[in-house]
Amino acid sequence: MKNNMKLISLFIATFCIWLSSWSNPTYPLLPYPQKITFTGKQLILDQIHLETTESSISKEWEDWLQGNKASSTSVQTDKIIKISIIDNLPEIPINSNEGYKLKITEKQIYVTATSSTGVYRALQTIQQLTCKSNEYHFLPTCEIIDWPAFRIRGFMHDVGRTYISMAELKKEIDLLSKFKINVFHWHLTENQAWRLESKIYPELNAPENMSRMPGKYYTLQEAKDLVAFCKQRHVTLIPEIDMPGHSEAFVKTFQTDMQSEKGMTILKQLMDEVCETFDTPYIHIGTDEVQFINPQFVPEMVTYIRQKGKKVISWNPGWQYQAGEIDMTQLWSYRGKAQSGIPAIDSRYHYINHFDIFADLVALYNSRIYNQDMGNEDIAGSILAIWNDRYLSDEKQIVAENNLYANMLALAERSWKGGGYGYFDDQTNLLWKNDTGIYTQFVDFENRMLWHKEHTFTNEPFPYVKQTNVVWRITEAFPNEGDLTRSFPPEKEEKESYLYKGKTYQSRIIYGAGLYLRHVWGDLIPGFYTSPKENHTAYATTWVFSPYEQHVGLFLDFQNYSRSESDLAPQQGTWDYKSSRVWLNNKELLPPVWRNTHKDRSNEIPLMNENAASRPPIQVTLQKGWNKLFLKLPVGKFKTPEVRLVKWMFNAVFVAPDGKKEIDNIIYSPNKK
């Protein structure tokens, strides 16, 4: 019986591979390789001879084999893994140090790279190709030539404002390294606290010199351990010591500005300690959002750090550098501009602390990095940043509300594959019905990402659910003249166009669970409306077909609260300060009870359940057949006393009652088709 089961399992594996090769195979490869050809057979994993000269490489591959019911053997067999590190791979046009060639046959795995990092990237791809069928694990036969379009693909945590445990940082780095993310940017110092231990000036870490999460900091040994942890995963750690701005914790400790003679003397001693602690190529020095009162400060600090064998990164806008005066700049806000002769990291629109769960992910995935198809000497890549201006003490809440993993998977693919359909500041950041190429590619990415949500990020905060099946009809906006409660024709009847006060108001179809009618960054980033105006009211409608009556959840937001704003929670009984409303089958759905009730804006009062990612979904019942979901979306002023950045937007999608997964047996259709 056991032998029969093995034969059946082998047959199933063979049939699945054959069927996949015949019908254009799809595997949850993320990022997807540059060039891949499947050849329609399979390599069964069992006893394999591993042939390589580097012990560190051997350990990684042996661990992979053992995790897949296989093992390496020193005895020559007909199955072999052969790993070769050579001087040059002419087929790879850029960033060859991370590139690799991979060939899998029925008996052999050949890996060729120019470095151990390239071999590691090949192993990450093989891990995603590994299939399981009862007792057997196997690989599809294929040939791959792969390389990254951009040499920097990373994420940043602002731990200066909000301390994040070492265990959480390591978990995130480990998970994201599986997707070829190769940089962790560690923003260690801020106005609120100096989070890196100093043995020469221990008073820097004293609780009385920290204004948030006092006493929380990382020891020098923890920092060294994290560098080693990153290196094992071929991730470069970039520590940031922000200077001379964002330095109130320093000023409070030493009673002097960083730019003073005393401040510079202390800072150089601290940089001695930092450079000794971090066995890394780069030190980031900030230089943003500050008035320079000492014109020698930045050049002197850059020279000092460079003399210690480190390369220096600085924010742009910040200090004005000429080529050769700095090793790399990191661009922030729309004002950041790459300069010829200075490599640049694009973080301009990549502050995910402002992102919603759905709409911004589409923009991120579709957007070219600095509007370039691939990197070059001047464009190094991109880093996504989480700025914790608003205090969030719960690490899982930080991950969930910033949609960290979904956003990082979008960046992982875009920064590895290159390309895209435009930049954040054009209309490719929306899923329009007629943009079939953009839509189908995002569907493909979404399917692979959701596979990893279920299998790689199990039990991790990952609020994103499928949205490419969600379809809306949204009207042109009606002028409400400041009366956000005013009623308009869509509230009385459903049509494709409306006549109101002698003017025709059309509607358009668009996909997505989240949409900006006007983006949080206003005219810089297109939303649904090309010229949104204050004091207008829009309507969004979709019909949802359910095969039977079922109890589900509704993920619903009308104002995604940025993690960088001190905005007030809505008043009880309201969804927001815009008078947004929602009906399901003509029954109005009321908001939750808001846990925050304070009346004075403060960054030190944590967000609670303001964002849908941090509260249970609304519990509703879908009746058998068609169900109407109808949203009223007024807006007054684009800035208010309660909310600094008014987001004229919504997120709405039906999910499981616990919010963890989309409802996959329903159909969204504004036309009931």
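**Pockets, cores and backbone exceptions in a predicted model**

Colleagues, I begin with the lining of the largest pocket, which has, by class, 9 nonpolar, 12 polar and 9 charged residues. Nonpolar here covers Ala, Val, Leu, Ile, Met, Phe, Trp, Tyr, Cys and Pro; Asp, Glu, Lys and Arg count as charged, and the others, Gly among them, as polar.

The model is predicted, so local features need pLDDT of at least 70 and side-chain atom pairs count only at pLDDT 80 or more, whereas totals for chains, interfaces and linings use all residues. Residues are numbered from 1 along each chain as its sequence is written, and side-chain values use heavy atoms, with hydrogens and water left out.

A pocket, on a 1 Å grid over the protein atoms alone, is an open set of points where a 1.4 Å probe fits, with protein on both sides within 12 Å along at least five of seven lines; its lining residues have an atom within 4 Å of a point. Points are joined across faces, edges and corners, and a volume is the space filled by probe spheres set on them.

The volume of the largest pocket is about 960 Å³. Its lining comprises 30 residues, and W64, Q124, Q127, Q128 and K178 are the closest to the centre. At least two lining residues come from each of α2 (55-66), α3 (116-129), β7 (131-133), α4 (166-177) and α12 (436-455). These labels are DSSP runs numbered from the N terminus: helices are H or I of at least four residues, and strands are E of at least two.

I turn to the second largest pocket, with a volume of about 810 Å³. Of its 29 lining residues, K453, E460, F462, G659 and K660 are the closest to the centre. Both α10 (395-401) and α12 supply at least two residues of this lining, and α12 gives the most, with 6. Helix α12 therefore appears in the linings of both pockets, as a supplier of at least two residues to each. By class, the second lining has 11 nonpolar, 7 polar and 11 charged residues.

What of the interior? In soluble globular proteins, nonpolar side chains tend to be buried together. I call a residue buried under 20% relative accessible area, exposed over 50% and partly exposed in between, with a 1.4 Å probe and protein chains only. A nonpolar core is then a set of buried Ala, Val, Leu, Ile, Met, Phe, Trp, Tyr and Cys residues joined through side-chain atoms within 4.5 Å.

The largest nonpolar core has 155 residues, and W186, W472 and F654 touch the most other members. Helix α11 (residues 404-417) gives the most to this core, with 8 residues. Apart from it lies another core of 34 residues, including L45, I81, Y100 and I126.

Leaving out residues up to four places away in sequence, W186 is in contact (heavy atoms within 4.5 Å) with H157, V159, M166, L169, Y218, A223, L226, L237, I238, P239, E240 and F278.

How many disulfides, meaning pairs of cysteine sulfur atoms within 2.5 Å, does a search of the whole structure find? The search finds 0. For C275, the nearest cysteine sulfur is that of C230, 17 Å away. C275 is buried, at 9% relative accessible area.

Next, the backbone. Most residues other than glycine have a negative phi, and most peptide bonds are trans. Cis bonds join L30 to P31, with omega about 0 degrees, and N316 to P317, with omega about 10 degrees. P31 is in the loop between α1 (2-22) and β1 (35-44), while P317 is in the loop between β13 (311-316) and β14 (328-332).

Two residues other than glycine have a positive phi to report: M213, at about 50 degrees, and T287, near 75 degrees. M213 lies in the loop between β10 (183-187) and α5 (220-232) and is buried, because its relative accessible area is 16%. T287 is in the loop between β12 (282-286) and α8 (297-307), and counts as buried at 0% relative accessibility.

I close with a further loop residue, N480, between β19 (478-479) and β20 (497-500). N480 counts as buried because its relative accessibility is 0%. Beyond its neighbours within four places in sequence, N480 is in contact with R486, F488, N535, H536, T537, P634 and V635. N480 and P592 are 112 residues apart in sequence, with their C-alpha atoms 26 Å apart.

Methods. Disulfide = S-S within 2.5 Å.
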